Amino acid sequence: MTSSVIPGIDPNAVTPVVIDGEPVLGAASFEVRAPYGDHLLGSVPKLDAADVDRAVAAARRAMREDPLPQWRRAEILDRAAALLAERAGDVAVAVALEAAKPIRTARGEVERAVGTLQFSAAVARTLTGETVPLEASSVGAGKLGFVLRVPVGVVGAIAPFNFPLNLVAHKLGPAVAAGCAVVLKPASQTPFSSILLARIFADAGLPPGYLHVVTGGGGTVGNAIVDHPDIALITFTGSPDVGWGIRARAPRKRVGLELGNNAPVILEADGDWRAAVAKIRLAGFAHAGQSCISTQRVLVHESIADEVAAALAEAVSTLVVGDPMDEATEVSSLISVAERDRVAGWVQEAKDAGAVIATGGTIDDAGVLAPTVIADAAPDLKVCALEVFGPVVAITRYSTFDEALALANDTRYGLQAAVFTSDVSKALRAVRTLDFGGVLVNEVPTWRADQMPYGGLRDSGNTKEGPAWSVREMTEERMVILSG
């Protein structure tokens, strides 16, 4: 029998959040229900702007009265990573239940989050500025110049539901490494992963004023974070419309955006397309396709298109669909019924336009949309032109490599793209031509290492994540000049 309870969370009570070192229940609360099975996981406070204001004031006070030297930041992050590894089983259950992420995949997310904190600790230990050769000009004679990296200020972090632990770690880890206090709003569907991670940071020795979890709606808590005059930087992961709305609303703040994508992969006839199919089987459907780099558009040379479509449909039809707490499950529910119905509607639209549903497209008795492969999909269909964020992969044929590159680039997004080819010249042309933040050769665009620079162009965002890159955003360069 699989568990339906998150360890450390009472499903029949409101779980408090901690603001300024004190548990807070708020004046109201809201329920958190499992996407698969719709059972109650617990309740959390429904906070408001006053709670955000209190959290920001405590964060500013902590940074002013107890600034963390680099060695303390690194030690806290190392301890947090070790504690997260010790509690990996319990935290994985939280991720699996509240996000409907298969438990095996949830364990992988916890493992990645441990690494994210470890890389953040390494950055904390090595964070440095640079010397400036003032004596290179006559006016600088007798002067020594160097740059210090100092914390930018209070960080407002707004996290998504799809990676409720690791993407939060990508915000908290670098912020701690930079010496910044954080006011964190987790996604309303997945608050418990953040609450458990905050407990871990507290146990690791992070002073209470440095992390405040504020649960509530985007229109209240989210807007209060965006509008607060004492928050210096906002880090947001989510939809392009919301992200660019935040950017427009906070023109005087630093705003880092990690947004959407409709990740393309080009399969050339000279490449190992069978290996590509084996990878796409999971890369297009892990966590029900709810990843901004989930493989979505499969651009296939016309000479192998029929074989690829048949092989991919067969491979995807073997995915195990069901309860996320079942060890065998590979794909489970979308985050909500509304999202499931939206994605199913896009699939039906493609079918009505003449595309072929090679496998899937149905909803089972548990309400789960089956992993779906759409063949002969026209580029202007929603399943190609927009971000599906669901368990759907669309195959489009092309005639020439130049056409494939043009199809891949014909998008409002620009996060990651990929190509499978054995021709080095084609690989190099793809690397130079594909207008994306990351280009992968003989690997799916869904691949990511947490220490690499990760970010996109256009509607995919405006920054790079990865601890070393995030810390740069979360620090200011202070020029120091010493005169003899």
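**Notebook: a parallel sheet, a helix and two loop residues**

I began with helix H8 (residues 240–249) in this predicted model, and found that H8 lies across E7, strand E10 (231–237) and E11, running at about 170° to E11.

I then looked up the sheet to which these strands belong, and noted 5 strands in the order E9-E8-E7-E10-E11, forming an open sheet with parallel pairing. At its edges I found strand E9 (211–213) and strand E11 (254–258), each of which pairs on one side only. From one strand to the next, the twist averages 15°. Within the sheet I checked how strand E7 (residues 154–158) is joined to strand E8 (residues 182–185), and I counted 4 bridges between these parallel strands; for Val-155, the bridge partner in E8 is Val-182.

Next I turned to helix H2 (residues 70–86), whose 17 residues reach 24 Å from the first C-alpha to the last, close to the 24 Å expected at 1.5 Å a residue. I listed the buried residues of H2, among them Arg-73, Ile-76, Leu-77, Ala-80 and Leu-84. I also asked what covers the buried residues of H2, and the cover includes helix H3 (88–99), helix H4 (103–126), strand E6 (143–151), helix H5 (166–178) and helix H6 (191–203).

Last, I looked at backbone angles in two loops. Asp-38, in the loop between strand E3 (29–33) and strand E4 (40–45), has a positive phi near 60° although the residue is not glycine, and Asp-38 counts as partly exposed because its relative accessibility is 46%. Asn-442, in the loop between strand E18 (438–441) and helix H15 (467–473), has a positive phi near 60° and is likewise a residue other than glycine; with a relative accessible area of 38%, Asn-442 is partly exposed.

Note on methods: Residues are numbered from 1 along each chain as its sequence is written. This is a predicted model: local features need pLDDT of at least 70, side-chain atom pairs count only at pLDDT 80 or more; totals for chains, interfaces and linings use all residues. Side-chain values use heavy atoms; hydrogens and water are left out. Buried means under 20% relative accessible area, exposed over 50%, partly exposed in between (1.4 Å probe, protein chains only). The expected span of a helix is 1.5 Å times one less than its number of residues. Contact means heavy atoms within 4.5 Å. Two strands pair if DSSP finds at least two bridges between them. Axes are lines fitted to C-alpha atoms, for helices over the stretch in contact, and angles run from 0 to 180 degrees between N-to-C directions.
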